[in-house]
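Visitor: I would like a walk through this structure. Please keep it brisk.

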Amino acid sequence: MSEHHEQSFWSKYIFSLDHKVIGKQFLWLGLFFVLFGGFQALLIRWQLAYPEQPVPWWLLGDILFSDTGGIIDPDKYNALFTMHGTIMIFWAITPLLIGAFGNFVIPLQIGAPDMAFPKLNMISFWTMVLASIVLLGSYFLPEGTAAGGWTSYPPLSSPVGGIAGEGQTLWTLALTLAGTSSMMGAINYIITVVRLRAPGMTYFKMPLTVWGLWLTSILNAIFVPVIAAGLILLLMDRTIGTQFFISGGLATVDGGDPLLYQHVFWIFGHPEVYILILPAWGIVSDLLSVFSRKPAFGYKVTAIAMTTVASLSMLVWGHHMYTTGMSPLLGKSFMFLTLLISIPSAMFFFNWLGTLWKGSIKFDPPMLFAMSVMWVFGIGGLTGLYNATITADIYLHDTMFVVGHFHYTMAASVLFGSFAAIYFWFPKMFDRKMNPFLGKLHFWVSFIPLNYVFFNMMVLGYGGHHRRIYDPSNYDFLKPMMWLNEYITWFAIALGLAQLIFVYNFIHSMLKGEKAEANPWGAATLEWTLEAPIPHGNFETVPTIYNGPHEYSNPKVKDRDWISQSEPISS
Amino acid sequence: MTTQILSKKIKVDEFTSTLGTIVALGCITMLFVTFFVSYSILRIQFGMWSRPGTGLIPITIAIGNTIVLLASSYTYHKSAIYSKTHIDLAKKWLGVTLGLGIVFLLAQLILWDVLVNAGFTPKSNIIGSVFYLLTGMHGLHIVAGVGALALVYLKLNKSYSDGERSNLFKQVGMLWHFLDVLWVCLFVAIFII
């Protein structure tokens, strides 16, 4: 019956135009870099707990730092936290949530045969690969890789007075390429959602996952070009000798302005925070509904609140720069706008609670991770209020408090959101189930150490621990807190080891896991109506949409507690 | 059967392509908005700003180039109209557009050469840095635009269904006219004010 459309290995798995394959490619890329960046975090933690003591063999100390006898020297330490931040933000969680699940889920959930521009989609992935090669290539330079912090403020990133060598230059180039990849993805996602929704799939019938990813793409399309512009200026400073961001004693000609870089960086940088978190919010909103067997509470309000946050995020970049001596009036305006974000955030947060309220909750691994996002994002959001308030921020700026805060919001929320997504969509991606027991184990041994690590970072920061110092034991006022640094490190190592359970579960389930049925979770969205393997082109006949995305426990449906979006409810 | 039907090429209609082009041009706009804002901040802080280069040659080349690009938009428009009826005329006008694009790039290089020889380089001061940034980034986009024009020219030889041809003409046209308008903004920002 089925006459197979012959494709070579290359066009099927490598240069595929199928959004599902490209999604998986992004997934592999993201998972590789999560582990890579996570390992760097452990090395950073080792130095903070045991300054200038040799890194043990099981953290590869004698291989990585052979020339210093296993000790991380200050330059290498700078490179570690720079690349940890860069890789985790741009190479790990961006490809995971936006690249992998954006690609895999959007067309399936809106009933589209593929992305609007499949070729652009493929080019987007391979641009990201090119960016990765450039970034990793910087490790092989004699002067080492970039070391100016993930923000790379001039003059730290300037050719004079900053980081010497080509590592920082390659970093700038790699980030520009990664941004180009994001822009191409964004164009694709936006147009796909606008043009390729199945008949009946109105905007307010789209799953909230699609809402989150769509808003993310809009922010990406607007703001990634801004950082691209800043990076191009920085690249010119570093290569052809312009002095856009160099002033004062370092400059040979007048007119440069290092603060300009900070503005450009954060005009992009703050929306970037929401670029990363919006998909996680959307996924969590949907998953809470699936596993509570209830429609999402206040669906429209959640969608509108997320849109409001996305809009407000464009106007708050100055709260990263309170200590740069900006005008108090400007500072207060930024503070007001930043605090305003808590209103729409609280709206969808209470909607999440409303979804859970009186639901018949099933604690499957995706649900555990989705619920944990509520916890970690709750803490991250509330501590954000301290950073947003000028008076508190003057003290907390650039301390470990900020590190703890943004790891709660970006690292913990987004990573747990990704785990929720992986556990949830794994049966659709690989046609097999992940082991639920190992999933739950992975959750608990991740969740507890993670909170210990990031919460105590905030305690350290409140004690005055600066975020980028090499050796905290050099400071008298930090000496009494060294024991806390040590504990954080051991819990971070536990967190790292816990991910081995996930890696094992992922690979083992992919190869030998139990075969999954078409709809193992009893979910109502469109992707679960398709039998595996889903062909290139997805839907045999274009589905017609009758219901919202969260039709659970509808009393009109008799035999089961869910009904697909494409099945009419007979009354 | 099913697999084959499902995996056939997705037909992208003209409206979808147009929306995609609009978003892409929006990205380029944001890139140049950032450049222009940076320019204005640097210029306000610097105080004494002067036009790049002295004498008649630079401004003459710049004015000439503005005329060249405006003319190329016109010739492209002609070509797009003829593409529906007379392919050879469309090709002729498109060839002229392509030529004008290349003339523009060459003239920009001559302008750079004149200015560098006069001691006005990206390193000489912030005015130079901004000048070479803006013209360079615009020039790179023109290179891409000329590439797109060449692509249309090559595709004109093939038998293309009318829908696809008019779609291609429309998308590349939007890019080309956009780059034209961008140059006019650049010209005013650099050479007039």
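Guide: Here are some questions and answers on the contact, the core, a helix pair and single residues. This is a predicted model, where local features need pLDDT of at least 70, side-chain atom pairs count only at pLDDT 80 or more, and totals for chains, interfaces and linings use all residues. Residues are numbered from 1 along each chain as its sequence is written, with chains lettered from A and ligands numbered from 1 in the order in which they are written.

Visitor: Which helix supplies the largest share of the side of chain B that touches chain A?

Guide: The contact takes 42 residues from chain A and 31 residues from chain B. Residues are in contact if their C-beta atoms, placed from the backbone, lie within 7 Å. On chain B, α1 (2-6), α2 (14-46) and α5 (126-157) each supply at least two residues; helices here are DSSP runs (H or I, at least four residues), numbered from the N terminus. The largest share, 16 residues, comes from α2(B).

Visitor: How many residues on the side of chain B that touches chain A are charged?

Guide: Asp, Glu, Lys and Arg count as charged; Ala, Val, Leu, Ile, Met, Phe, Trp, Tyr, Cys and Pro as nonpolar; the others, Gly among them, as polar. That side of chain B has 18 nonpolar and twelve polar residues. The charged count is one.

Visitor: Which helix gives the largest share of the largest nonpolar core?

Guide: A nonpolar core is a set of buried Ala, Val, Leu, Ile, Met, Phe, Trp, Tyr and Cys residues joined through C-beta atoms within 7 Å. Buried means 20 or more other C-beta atoms within 10 Å; 12 or fewer is exposed, and in between is partly exposed. The largest core has 215 residues, and those with the most contacts inside it are Ile190(A), Val284(A), Leu287(A), Met306(A) and Ala420(A). Its largest share, 22 residues, comes from α4 (residues 74-110) of chain A.

Visitor: Which residues is Val284(A) in contact with, leaving aside its neighbours within four places in sequence?

Guide: Val284(A) is among the residues with the most contacts inside the largest core. With those sequence neighbours set aside, its contacts are Trp352(A), Ala370(A), Val373(A), Gly417(A) and Ala420(A).

Visitor: Are α7(A) and α8(A) roughly parallel or roughly antiparallel?

Guide: Helix α7 (residues 208-239) and helix α8 (residues 258-292) of chain A pack at about 160°, with axes 8 Å apart. Angles over 145 degrees count as roughly antiparallel. Therefore α7(A) and α8(A) are roughly antiparallel.

Visitor: What classes of residue make up the contact of α7(A) with α8(A)?

Guide: The crossing of these two helices is left-handed (the near helix is turned anticlockwise from the far one by less than a right angle). By class, their contact has 23 nonpolar, seven polar and two charged residues.

Visitor: Is Phe9(A) buried or exposed?

Guide: Phe9(A) is found in helix α1 (residues 9-14) of chain A. Within 10 Å there are 7 other C-beta atoms, so Phe9(A) is exposed.

Visitor: Where is Pro155(A) found?

Guide: A cis peptide bond joins Pro154(A) and Pro155(A), with omega about 5°. Pro155(A) is in the loop between α5 (118-137) and α6 (167-195) of chain A.

Visitor: What is phi of Arg293(A) near?

Guide: Arg293(A) sits in the loop between α8 and α9 (299-312) of chain A. With 16 C-beta neighbours inside 10 Å, Arg293(A) counts as partly exposed. Its phi is positive, in a residue other than glycine, and near 55°.

Definitions and conventions. Contact = placed C-beta atoms within 7 Å. Axes fitted to C-alpha atoms, helices over the stretch in contact; angles between N-to-C directions. Parallel < 35°, antiparallel > 145°, perpendicular 65-115°, else oblique.
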